[in-house]
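Q: Could you pick one spot in this model and take me through it closely? Start with a single residue and its neighbours, then work outwards to the surrounding helices and chains.

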Amino acid sequence: MPTMLEVTGLNHRYGKGDGAHVAVRELSFSVDAGELACIVGPSGCGKSTLLRCIAGLIPPTGGSVRLHGDEVSGVPDDLAVVFQDYSRSLFPWLTVARNVEFPLRWRKLSKQERAERAQEALDAVGLSGVGKKFPWQLSGGMQQRVSIARALASKPALLIMDEPFASVDAQTRFELEDLLRRVQREQQSTILLVTHDIDESVYLGDRVLVLSKSPATIVADLAVDLPAERDQIATRESAKFVTLRGEVARLLQTGPAAPATTEEASDEVTAAADAAEWAATEEEAAETGGATKEARH
Amino acid sequence: MRSLYRNLAGLIGFFLIWEGAVRVGLVPELFVPPPSEVLSTTAQLLGQEPFIRDVIATVLAWAIALGISIAIAVPAGLLLGSIAWLRTATRAIVEFLRPIPSVALIPLVLLVVGGGPEAKITLAVYAAVWPILFNTIYALAEIDPVLMDTARACGTSRARMLTSVALPHAAPFVFTGIRMSAAIALILVVSTEYVAGASSGLGNFILEASSGGTNMDQVLAGTVVAGVIGYLINDGLERVGRRMFRWNEAVGEAAK
Amino acid sequence: MTQVTERATRLRSQAAAGISGFARNWLVFIGAVAVWELATRLAASVFFPPPSEIVATAGQLWFSGPASQLFLSETVFDHILPSIGRCLGGWAIAVVLGVGLGTALGRSRTGMEYVGPLFAFFRAIPPPTLVPVFMVLFGLGPGMQVATIIFGAIWPILLNTVDGVRSVDSVKVDTARSFRTPAPYWIGMVVLPAALPKIFAGLRLSLSISLILMVVSELIGSLNGIGHQLISSQQQFEFPLMWSWIVLLGILGYGLNAVLLAVERRVLRWQPTRNDDA
């Protein structure tokens, strides 16, 4: 399989000089076409920064991101992002169908082709009959399906998902995980998914990239050699799954390269990292004309 | 700091454009005098007793009107907001009275109460009552039912509920209504003075200055002073509101 | 099936409740008019003619025209329609300017820092005080009236638009950016819809201001219009006539506001809080 995404020596620093906070340090990895790669890391480790750099929403302070060979500067053409907070990511003034059609609006498509593609995407996520409803009339899980359908409708070369299932209840979450794997295999999409949930990363991924505490670096790159067909109960019970998740958990807790730190100290680091990331996002949002009013978590 | 400079730059820029437009002849100087002239006239007027009297007359009428409006509208709003049948009974009348533009009553009020300060106060009260009344009713209707249930579960009496739950909740909304009413009352006071040719007040000053058609610097000076008064009222109330209701995010958002 | 019948039953009961509420409102209204009639007859003040007399005068005044004009009298064409035209025309220009400028300023980070205090000052000026200035600039007539209305009506729209445009959620900003949304779609499909609730609050306020300024400008300097007729009927001591103009202004205020509210309900029906068919 050809390489779809290639991240080399990525660095991101907020601020300048001594007060600078390094969120991402010398991070390199690649994702092959048709692969579902999960990035798992402790909260506040710089996952969001990493995703925003890859998606081109913020320019990294060092290193390079290549999407199917092209250097990423600014948001690339064929990329879509699914955000954690579906209620804020969907446009409440558009019906479900129009939300899904949104990224196709400015493409050279006839009205009918656009509607058909939106319908296909909605069918793929199992939401055939709700096109005329408004997002708030759907449950949380269904709303997140709509945002997945919207991302799929634009047929992106790379789909980036930022903690997509962190805001739905456990039952819905299982459903959505299976749905995502099914759709990914049907459509041969390349997905990079970020999560803080170890089980989810192992269950979903073809590969799991384990991040260290802030600044984010890659601690391990594990291939998940579970069968392609997964099952919420059988897979999670299998010895392989249990071993893998244990391995990821250990890596997250200690990290082979990370020096032993006391709990308080690492908490402080996490808090500082969160704060810095926040300040930076807010500043950035203000620049783009939006006002960040509340924290994401 | 930088934003303060930009604020000042904006103001100065506006005055420069105005000055330039008059000097170049884009606007006839006789009709719209340059700001330099208007500002110096304003400074002169502020040193003259009759003008100060006019300003005081206007501000006083405004303050009395706003006070009366609050005294009428807040209790009425609390009553209508907490007693449902009273609200339904009066709805049609309120719906009929409210849309009458207050200025339409100027001729009537002049006939009935004469051209003195009572006329402008009456009209300003008529106009200023509505925002406060509606915001008060709205605030009582919007109280979180969970909050009320919690209070009821704690065995709070009806009277205590009004004073300790409903009033603190309603206060920011009422205050927003008062802010809107303050602006409207000023418009009405000045308009009545201007239309009715009252014996004193800023509106009357502007009317007299404009009657010759040659004292446009005085007309504009009066307008500037009226604008400054309006700005100070609005800014002052906004500051008070922010200080009083720091806990509430609804402040500043008009209910209706 | 059951859902459909359930829905029908609910609709019917809602309709019944609506009709009874409607009837009750009108009953109260009729009662109030009756009390007014009685009070004015008892008081017998020339200033306060009974409502029956007002209605008779108003009917004679407005509906005495020929059938070819739908029975509308010359007064309607000479005074009422020009007034409404100036009010709505001025308001419409204020809407276009206010929303356009407000969107541009809301999108710019520094724009408002330059003009914010200036606009706050403009908004604080009681608009009638500018009538003399507009009068010397545009003369007695529609130009002066429309200018006064625009100046009074634009600020609530402009400042509310800026506020609304600024309040676009950061996640929506990121979402739109991640799809590389071109500027026209970004403004038209994300920024303006997000700002609409605030814009409508400004529109409502500015519409009532427009009506007030229409009357004020006609009271002061006009050769026709409702305000002009109002003041001249007062000067000629024709009180039932004066009252019929006051009542007309009330109806106008009510009607314009009702139409705008209906438009708002339709345009903002996506808001969960104003769901009509949840």
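**From one valine outwards**

A: Let's start with Val125(B): once you set aside its neighbours within four places in sequence, it is in contact with Ala65(B), Ile68(B) and Ser69(B). Keep in mind that this is a predicted model. Val125(B) belongs to helix 6 of chain B, which covers residues 117-141. Is Val125(B) buried or exposed? It has 23 C-beta neighbours inside 10 Å, and the cut-off for burial is 20 or more, so Val125(B) counts as buried. You can also look across to Val189(B), which sits 64 residues away along the chain. The C-alpha atoms of Val125(B) and Val189(B) are 9.5 Å apart.

Now step over to the neighbouring chain. On chain C, 42 residues are in contact with 48 residues of chain B. Several helices of chain C each put at least two residues into the side that touches chain B: helix 1 (2-43), helix 4 (111-124), helix 5 (131-138), helix 8 (183-220), helix 9 (226-235) and helix 10 (239-267). Helix 4 of chain C gives the most, with 9 residues. Sort that side of chain C by class and you get 32 nonpolar, 8 polar and 2 charged residues.

Helix 5 of chain C is a good place to zoom in again. Its buried residues are Val131(C), Pro132(C), Val133(C), Phe134(C) and Met135(C). What do they pack against? On the chain B side, the partners are helix 9 (202-211) and helix 10 (216-244) of chain B, and within chain C they are helix 6 and helix 8. Right after helix 5 of chain C comes Gly139(C), with a positive phi of about 80°.

Two of those partners, helix 6 and helix 8 of chain C, also pack on each other. Helix 6 of chain C spans residues 142-166, and the angle between it and helix 8 of chain C is about 160°, with the axes 7 Å apart. Anything over 145 counts as roughly antiparallel, so that is how helix 6 and helix 8 of chain C run relative to each other. The crossing of helix 6 of chain C past helix 8 of chain C is right-handed. The contact between helix 6 and helix 8 of chain C involves 16 nonpolar, 10 polar and 3 charged residues.

Zoom out to the whole of chain C and you'll find 10 helices and 0 strands. Of its 278 residues, 44% count as buried. Among chain C contacts with a separation of 6 or more, 70% are between residues 24 or more positions apart.

Chain A mixes its elements: 10 helices and 10 strands. In chain A, 43% of the 297 residues count as buried. Of the chain A contacts between residues at least 6 apart in sequence, 72% join residues at least 24 apart.

One word on confidence in chain A. Its average pLDDT is 82, and 85% of the residues score at least 70. Helix 3 of chain A (residues 96-101) has the highest mean, at 93, while helix 10 of chain A (residues 263-287) has the lowest, at 45. The pLDDT stays below 50 over residues 257-275 of chain A, a stretch with 18 contacts beyond near neighbours in sequence. Residues 278-297 of chain A are also below 50, with 24 contacts of that kind in the model.

Methods
Residues numbered from 1 in each chain as written. Chains lettered and ligands numbered in written order. Predicted model: local features only at pLDDT ≥ 70, side-chain atom pairs only at ≥ 80, totals over all residues. Contact = placed C-beta atoms within 7 Å. Helix = DSSP H or I, 4+ residues; strand = E, 2+ residues; numbered from the N terminus. Nonpolar A, V, L, I, M, F, W, Y, C, P; charged D, E, K, R; others polar. Axes fitted to C-alpha atoms, helices over the stretch in contact; angles between N-to-C directions. Parallel < 35°, antiparallel > 145°, perpendicular 65-115°, else oblique. Left-handed = near helix turned anticlockwise from the far one by under 90°. pLDDT = per-residue confidence, 0-100. Buried ≥ 20, exposed ≤ 12 C-beta atoms within 10 Å, placed from the backbone.
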